[in-house]
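Me: I have a structure open and have not looked at it before. Can you walk me through it?

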Amino acid sequence: MLSTVSVAGLSFVSGTAQPRVAAFAYPSVTRLNTLRGQRIASRFLARPAGQQHLAPVMAINPGAEEQVEDASRPTSSSKPTSSSSQDIGLEVAWMGRTDWVQMIEEVVQKNGNAKANGRRARQATQWHSQQEIIQLLKIVAVSTSKLSIPEACRVANAVAVLTNQNRWLRGHPSLATAVGVLALHFQQQHVMSSLTGSQAAQLIWAFGKVGIRQDGFIWQIGHHFMKEDVLQQLAAKDISMTFWGLAKLRSPDIQFVEHLADYVTKSNLVNHFEAQNVANTMWALATLQIRHDLLMQSIASRILQDGVLSTFNAQAISNTVWAFAKLDFYDAALMRSITQRTIQSGFLNTFRSQNVANLVWAFAHLDTKHDMLMGNIAERVLHIGFLSTFEAQEVSSVAWAFATLGVQNEVLMTSIANRIIEDETFMRSFKSQEVSNTVWAFATLGFLNNDLMVYLSHRIMERDFLATFSPQAVANTAWAFATLRVSSFELMARISEQIRDDNFLEASKAQEIANVAWAFATMRIKDQRLMDRIAQRVSQGAFIYTFNALAVSTTCWSFATLDIRNEKLMDVIGDRTLQNGFIQTFTAQAIANTAWAFAHLGIYHPGLMSVIAKQTVASGFVDTFSHQAVSNVVWSFATLGVYDGELFSTAAKRILQPGFLSTSSPLTVAITAWSFASLGVRDEALMDAIADRNLQDNFLSRYTHKNIANLAWAFATLEYYHDELIEAIAERVLEPGFLLSFNAQALTNTLWAIARLDVDNDRLMLALADRTMQRGFLNEFNSQAVANTVWAFGRQNFFNQRLMDAIAQRIMEDGFLLTFSPAAVTQVVKGYAKFGVTNLPLMDAIASRILKDGFLATFSAVQVAQVACAYATLGIPNYALMTGIAVQSMNLSFVNSAQPHVVLALRWSFAHLGMNDILMGVINKTKPMARVEAYVSEYNRQEINRAKSRARKRGRAKAVQRFSTASWSDFGLELEQEAKPSLGPEQAQRYLGSPVSDP
């Protein structure tokens, strides 16, 4: 039988809950928080029956439907037709409790039907529904205390469902008030103690559904749950509902959750879990970030029981595997079973976008790659129209997962890029983490989509958006743009500005800072202010000890690449490597990068180089070194001048392993040869292998000018004569157009090597001379390059007047002579004397430079003698210079350091120029002339014999003829006759000098 009741101005027919007159509308108010709702509820319950009332409401014209506002969002267009107010007494006596409880449930059902009937039905009933719900919530607020426990539980459940059905209700003050009243009601001791396990579970679910946390209620019901008799009343569904509700409320009572998990594990209730129970429980544990290994293992075992997994639908599967991944719990058998269930024919077609995203994210997070599964997932995502249903987070999760697992699917990634590019609204829905994950994914997979990167860079640079990025998101974004070589200086400038904030760097982790530094270094953006801040942060306190090997090597590599020499930072990094056992965590590449960085910056840290050497020679470790790693390590030691015999021996063994050199690049081969030569490490087996490698497979044709120069320089420095290789190098240099690629340093190093190895190739020398004389090329030569060039042509006895004139002109350019060292000056004057080129302007300029600013005092005794011999050979009686030399030769330190041949050379020079009287003081202060002559004669004889022996072994008749038996006293005469000096190689290196040059 239907009865009519009237509540708060609304008439309801019991059993239908259809309003006859809508007389009241709740006024628009600001959102109430939970505590405020609870305070209001407390005041309601504290009043005597009959005096409980709500705030007055304004009357509104029920026919003016277009004026009715959304009760959760006030608008200025809604105006009441009347401002009359009245107190609304809502006493339980107005109607039976069962009636209005049933009424709430019927409103819930009506709302559900309206949603099922579609959008038009929802719009048609929206206003009436909102008024009904608001008024019913008022009834809840004032009448709950009179309800029985089952009725109160039904009301809580109905409120939960209403909240889920009506988004506008969330945050509405009437909801906060009603929930506060319900919470206080159930917190009463006599009510709480009477709750059954199932009722308690239902309440937690309901409060979770509403989403308003009442901490006092949670603590009390948690204590109630811990009673053994209550726990024993729980069924599997109750357990999962409880976990789910606590997770939705982000319960602070961790003890309650863990106690419940313990009970479930011990009671064997898990074996009664159905698919939804499993999914809800696992989702809850993951959301609360509570890893309970025993319960999770029990759940995994339950899933693996026969027939259980087949009952899981798409959401249950995706939520479950997502939860296991979120808690980093890996069970191989479980993952295999889930994979097999997922790839069953047609099953993936039931997955919605969120299911797909959660599933693929979980597999990636647990590093579980199954090619067929990933292929099926890609196929599902690419199904017509499906990708358009994805939210931004879901798109970024799919991209991230494929990248993390290294699954290359260009069609999928292109479709994802197009989805973002073609919908600006969709692109703007991307949050910071979603942007960073997406660009990271494309960079990791090496898929460059310029349009996508440009669009996302614009999104990042939108006002204040970058400020929402976490340090990890900023680092990943910078890393991605650098990896894909997408140059956006404006974006990097914005990133730099964000990172330089003190608080930002303080919140950044070691690897994040290292990645940012790497990104700027890779893009060759030298942001000094940013790098200074990074150096300051890394050097701060004990922060460096949070850096692992990768972060250390990446950071120092970045500073070196940008040529930023921060000695404090590098010293801190060096000290970090000395921490006990830390160097053993380095990979071969990390060791190579660290060593390279210190060497490139010219910073020698003894302890660092020592531990690097020890780790490199550790048993078997060198076998993990790549070609580049080996070459970088030996290059670093050579550049810093650090000789470690065991290290170089170990490196040579690695290089000589079968197949190693055959797969090396020209760069690594050339650098390796240069490094061994720089430290004078002569390993004949290694040099033969390098020579053989260069003669195979037309390998030299792949060499750049720098590689050729380094290779030639290495063999020359070690005096390792390999005629076939040298001829091949000469042919490579003479290839049409190749010499045009040579810069000044490469040309002079090659020229020096050709001369040092006595390569008799006039065509090559002419080509080198022509390249040197090309217009403007000599302007690139520094003083050492000029000196080496003169020395090399002189040693090869290859005279070219135009070349000598061009070099003289370069030397006399304004200020250039001031850059010459004593060794360079000596090389030049000896070269011109060798060819008998009397260029008075040049020689006068050199003499003036020698006599200026005490420059002559920096010359060694040998260099002084060589300069004097050169001027004497050319017959240039520069009295100012010779007088200066005479004065310098009378210096006590000069006399004590002068060898006999130096004294004889000076004597000859002054005699040849008719200036013997000036040297009498020098001769008188040295050993008696008879002893000098005897000493020189024996010294000269031994050196000449050694030189001849070496020349014969090499089969060079021309070289043998070079060493005559003339005495040192005849040296000046031989120069005057334009003959090559009668010196052995060691004497020539000391007396005639050899260029000092590094590749």
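Reply: What follows covers confidence, the core, some helices and a few single residues.

Me: Start with confidence. What is the mean pLDDT of the chain?

Reply: This is a predicted model. The mean pLDDT of the chain is 82, and 80% of its residues reach 70 or more.

Me: Where does pLDDT stay under 50?

Reply: It does so over residues 926-936, for which the model has 16 contacts beyond four places in sequence. Residues 956-999 are also below 50, and that stretch has 122 contacts in the model beyond near neighbours in sequence. Where pLDDT is low, the predicted coordinates should not be read in detail.

Me: Ok, the core. How many residues does the largest nonpolar one have?

Reply: It has 343 residues. Those with the most contacts inside this core are Phe186, Phe225, Phe243, Ile377 and Ile846. Helix H44, residues 861-874, gives the largest share, 11 residues. Domain 1 (96-113 + 125-195) and domain 2 (351-508) each supply at least three residues to this core.

Me: Take Phe243. What is it in contact with?

Reply: Leaving aside neighbours within four places in sequence, Phe243 is in contact with Val257, Leu260, Ala261, Val264, Thr281, Ala284, Leu285 and Leu295.

Me: Switching to helix H5. Is it enclosed by the rest of the structure or not, and why?

Reply: H5 is largely enclosed, because 15 of its 15 residues are buried. Its length also agrees with expectation: at 1.5 Å a residue, the 15 residues (173-187) should span 21 Å, and the end C-alpha atoms are 21 Å apart.

Me: And H39, which residues are buried there?

Reply: In H39 (residues 762-772), the buried ones are Leu764, Met765, Ala767, Leu768, Ala769, Arg771 and Thr772.

Me: What covers them?

Reply: The cover includes helices H37 (723-733), H38 (744-756), H40 (783-795) and H41 (801-811).

Me: What caps the N-terminal end of H39?

Reply: Asn761 does, with a side-chain oxygen 3.3 Å from the backbone nitrogen of Arg763.

Me: You mentioned H40. Is Ser783 buried or exposed?

Reply: Ser783 lies in H40. Its relative accessibility is 11%, so Ser783 counts as buried, the cut-off being under 20%. Not counting residues up to four places away in sequence, Ser783 touches Phe816, Thr819, Phe820 and Ala824.

Me: Last one, Thr339. Where is it?

Reply: Thr339 is in helix H15, residues 332-342. Thr339 counts as buried because its relative accessibility is 3%. With residues up to four places away in sequence left out, Thr339 touches Phe363, His370 and Leu373.

Technical notes. Residues are numbered from 1 along each chain as its sequence is written. Side-chain values use heavy atoms; hydrogens and water are left out. Helices (H or I, at least four residues) and strands (E, at least two) are DSSP runs, numbered from the N terminus. Buried means under 20% relative accessible area, exposed over 50%, partly exposed in between (1.4 Å probe, protein chains only). Contact means heavy atoms within 4.5 Å. A polar contact is a pair of N or O atoms within 3.5 Å; within protein, one must be able to donate a hydrogen and the other to accept it, and residues adjacent in sequence count only if both atoms are side-chain atoms. A nonpolar core is a set of buried Ala, Val, Leu, Ile, Met, Phe, Trp, Tyr and Cys residues joined through side-chain atoms within 4.5 Å. Domain bounds come from an automatic or database domain assignment. The expected span of a helix is 1.5 Å times one less than its number of residues. pLDDT is the predictor's confidence in each residue, from 0 to 100.
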